[in-house]
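Visitor: Hello! I have just opened this model and would like a friendly tour of it. Could we look at it together?

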Amino acid sequence: MTADQKLVLLTYADAARTAHDALTTLDQHSGDGDFGDNLLDGLDRVRAALDTHPSEPAFHLAATVFLDEVGGTSGPLIGLLLQEIARGLAAHTDDREGWRAGVSEGLAAIQRVGEAEPGDRTMVDALAPARDAFEAGASFGAVADAALTGARNTADLRARRGRASYVGDRALGAPDPGAMGVALLFWSLAHVAGQ
Ligand code: ADP
Ligand code: MG
Ligand code: MG
């Protein structure tokens, strides 16, 4: 099971472009409407950086872009996730093991910084099921399904973290944009890996 790192990121950038308007609508519903812009801007910058630095490890490059250049609450948090995935992939010859370790450490880093628990209606609600699926030995496709289900289920959650916590019940009925945006990463991985 191997997935070309660069191709995963380019597929994620394509997916973010396709989902941009829907992610914007979701963040208008529960936040300030910039999540689609933040994610797409970040991934477009990653695409450019991959072109300029073709021999750098792709996820390391992507992490640097998100940590240094991408705005919103989500920019640095996704940067932490990408950074741990880069570390995981560098530390393990087995691709799946690298992803398992990276997602587990990435989730931990996001929770250390953002202090969100599962059920708080954040990207943690996509990442925790993905982490659990990896730990249970699931395929990339099953991990992607778990992340997407977790993200969809945030529609029933009242936010306790981030900007959405200011709008109370108004956010109910539509999923958290950050959770959907992170689920797209796992969809991209499964798509590239073909499973
Ligand atoms: P902002 O609210 O600053 O405009 P974005 O729109 O870029 O930030 O990102 C919003 C997303 O960030 C939310 O949908 C949520 O998934 C995620 N988020 C917000 N706060 C936290 C947190 N404390 N922990 C994890 N994720 C968070
Ligand atoms: Mg926002
Ligand atoms: Mg904002």
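Visitor: Let us start with one residue: is Leu40 buried or exposed?

Guide: This is a predicted model, and Leu40 has its place in helix 2. A residue needs 20 or more other C-beta atoms within 10 Å to be called buried. Leu40 has 20 C-beta neighbours inside 10 Å, so Leu40 counts as buried.

Visitor: How confident is the predictor, and what is the mean pLDDT of the chain?

Guide: For the complex, the predictor gives a pTM of 0.97 and an ipTM of 0.99. Along the chain, 99% of the residues reach a pLDDT of 70 or more. The mean pLDDT of the chain is 95.

Visitor: Which domain does UniProt place at residues 3-191, and how much of that stretch is helix?

Guide: The feature comes from an unreviewed UniProt entry, which names it "domain: DhaL". Over residues 3-191 the end C-alpha atoms are 9 Å apart. Strand makes up 0% of this stretch, and the helix share is 71%.

Visitor: Which helix gives the most residues to the shell around ligand 1?

Guide: In total, 24 residues surround ligand 1, and the closest are Gly72, Ser74, Gly114, Gly162 and Gly178. At least two shell residues each come from helix 2 (35-52), helix 4 (74-91), helix 5 (95-114) and helix 8 (177-193). With 3 residues, the one that gives the most is helix 8.

Visitor: How many residues of the shell around ligand 1 are charged?

Guide: The shell can be divided into three kinds of residue. Its nonpolar residues number 8 and its polar ones 9. The charged residues number 7.

Visitor: Helix 8 has come up already; how far apart are its end C-alpha atoms?

Guide: Helix 8 has 17 residues, and at 1.5 Å a residue it should span 24 Å. The model agrees with that expectation, because the end C-alpha atoms of helix 8 are 25 Å apart.

Visitor: How many residues of helix 8 are buried, and what phi does Gly194 take just after it?

Guide: Helix 8 is mostly covered, with 17 of its 17 residues buried. Just after helix 8 comes Gly194, whose phi is positive. The value is about 75 degrees.

Visitor: Which helix gives the most residues to the largest nonpolar core?

Guide: This core has 63 residues, and those with the most contacts inside it are Ala62, Leu127, Ala130, Ala147, Ala183, Phe186 and Leu189. Among the elements that give two or more residues to this core are helix 1 (5-30), helix 3 (58-69), helix 6 (124-135) and helix 7 (140-153). With 12 residues, the one that gives the most is helix 8.

Visitor: Is Ser188 buried or exposed?

Guide: Ser188 has its place in helix 8. Its C-alpha atom lies 22 Å from that of Ala109, which is 79 residues away in sequence. Within 10 Å of Ser188 there are 24 other C-beta atoms, so Ser188 is buried.

Visitor: Where does Glu115 lie, and is it buried or exposed?

Guide: Glu115 sits in the loop between helix 5 and helix 6. Most residues other than glycine have a negative phi. Glu115 is not a glycine, yet its phi is positive, near 60 degrees. With 12 C-beta neighbours inside 10 Å, Glu115 counts as exposed.

Visitor: And Arg121: is it buried or exposed?

Guide: Arg121 also belongs to the loop between helix 5 and helix 6. Although it is not a glycine, Arg121 has a positive phi of about 65 degrees. Inside 10 Å it has 27 C-beta neighbours, so Arg121 counts as buried.

Visitor: How far apart in space are Arg152 and Pro175?

Guide: Arg152 lies in helix 7, and with 16 C-beta neighbours inside 10 Å it counts as partly exposed. Along the sequence, Arg152 and Pro175 are 23 residues apart. From C-alpha to C-alpha, their separation in space is 5.5 Å.

Visitor: One last pair: what distance separates the C-alpha atoms of Gly98 and Leu127?

Guide: Gly98 lies in helix 5, and its 21 C-beta neighbours inside 10 Å make it count as buried. Gly98 and Leu127 are 29 residues apart along the chain. Their C-alpha atoms are separated by 16 Å.

Notes:
Residues are numbered from 1 along each chain as its sequence is written. Chains are lettered from A and ligands numbered from 1 in the order in which they are written. This is a predicted model: local features need pLDDT of at least 70, side-chain atom pairs count only at pLDDT 80 or more; totals for chains, interfaces and linings use all residues. UniProt positions are given in the numbering used here, feature names are shortened, and annotations may be inferred rather than shown by experiment. Helices (H or I, at least four residues) and strands (E, at least two) are DSSP runs, numbered from the N terminus. A residue is near a molecule or strand if its C-beta atom, placed from the backbone, lies within 6 Å of it. Ala, Val, Leu, Ile, Met, Phe, Trp, Tyr, Cys and Pro count as nonpolar, Asp, Glu, Lys and Arg as charged, and the others, Gly among them, as polar. The expected span of a helix is 1.5 Å times one less than its number of residues. pLDDT is the predictor's confidence in each residue, from 0 to 100. A nonpolar core is a set of buried Ala, Val, Leu, Ile, Met, Phe, Trp, Tyr and Cys residues joined through C-beta atoms within 7 Å.
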